[in-house]
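Trainee: Before I rely on any label attached to this model, I would like to hear the reasoning behind each one.
Mentor: Then let us take the labels one at a time and set each value against its cut-off.

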Amino acid sequence: MGSTVLSLRIDGELLDRLRERAARRGMSVQDYVAGTLIRDDFDERFRAAVEETEKFYGVTRQD
């Protein structure tokens with residue numbers, strides 16, 4: 001799996017917050033943002049897998 005460059009425009013206040021959060025974790029802003037996107041993607045895929053499993057077994061959720 002290769003990598004691709006993604007360019008985005010964000011406002012200065014958001015960039016400052018991202019810099020602070022990344023610095024607390026000893027990360028670059030790029031690594032912090034990529035990690036956040038990876039976690040979010042995993043969460044969505046995991047949730048979809050759980051829902052498919054529940055459908056397969058006929059489980060109803062009690063939220």
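Trainee: How do you know what span to expect for helix α2, and what span does the helix reach?
Mentor: Keep in mind that this is a predicted model. Helix α2 covers residues 29–57, which makes 29 residues, and because the expected span is 1.5 Å times one less than the number of residues, the figure to compare with is 42 Å. From its first C-alpha to its last the helix reaches 42 Å, close to that expectation.

Trainee: Which residues of α2 are called buried, and what covers them?
Mentor: Y32, G35 and E54 are the buried ones, and since the word is kept for residues under 20% relative accessible area, each of them falls below that limit. What covers the buried residues of α2 includes helix α1, residues 12–24. Just after α2, G58 takes a positive phi of about 70 degrees.

Trainee: What makes the contact between D41 and R45 a salt bridge?
Mentor: The closest N and O atoms of D41 and R45 are 2.9 Å apart, and the rule asks for a side-chain nitrogen of Lys or Arg within 4 Å of a carboxyl oxygen of Asp or Glu, so the pair qualifies. The two residues are 4 apart in helix α2, about one helical turn. An α-helix has 3.6 residues a turn, so residues three or four places apart point the same way.

Trainee: How many salt bridges does this rule give, and where are the others?
Mentor: The count comes to 3 salt bridges. In helix α1, where R19 and D16 lie 3 residues apart, their side chains meet at 3.6 Å, N to O. In helix α2, E52 and K55 are likewise 3 residues apart, and their closest N and O atoms are 3.5 Å apart.

Trainee: Why is K55 called exposed, whereas R19, D16 and D41 are called partly exposed?
Mentor: The relative accessible area of K55 is 63%, and because exposed means over 50%, K55 takes that label. R19 at 45%, D16 at 41% and D41 at 39% fall between the 20% and 50% limits, so they are partly exposed.

Trainee: Why is the pair of F42 and F46 called stacked?
Mentor: A search of the whole structure finds 2 aromatic pairs. In the pair of F42 and F46, the centres are 5.9 Å apart and the planes differ by 20 degrees; because pairing needs centres within 6.5 Å and stacking needs planes under 30 degrees apart, both conditions are met. F42 and F46 lie 4 residues apart in helix α2, about one turn of the helix.

Trainee: What makes the pair of F56 and Y57 edge-to-face?
Mentor: The planes of F56 and Y57 stand at 90 degrees, with 5.0 Å centre to centre, and since planes over 60 degrees apart count as edge-to-face, the label follows. F56 at 68% and Y57 at 61% are exposed by the over 50% limit.

Trainee: How do you know that I10 can belong to a surface patch?
Mentor: I10 has a relative accessible area of 33%, and because patches take residues with over 30%, I10 passes that cut-off. Together with L6 and L8, I10 makes a nonpolar surface patch of about 310 Å², and I10 lies in the segment before α1.

Notes. Residues are numbered from 1 along each chain as its sequence is written. This is a predicted model: local features need pLDDT of at least 70, side-chain atom pairs count only at pLDDT 80 or more; totals for chains, interfaces and linings use all residues. Side-chain values use heavy atoms; hydrogens and water are left out. Buried means under 20% relative accessible area, exposed over 50%, partly exposed in between (1.4 Å probe, protein chains only). Contact means heavy atoms within 4.5 Å. Patches are made of residues with over 30% relative accessible area and no salt bridge: like charges are joined within 9 Å, nonpolar side chains (Val, Leu, Ile, Met, Phe, Trp, Tyr) within 5 Å. Accessible areas come from the Shrake-Rupley method with a 1.4 Å probe; for residues, only the protein chains shown count as cover. Rings of Phe, Tyr and Trp (its six-membered ring) pair if their centres lie within 6.5 Å; planes under 30 degrees apart count as stacked, over 60 as edge-to-face and the rest as tilted.
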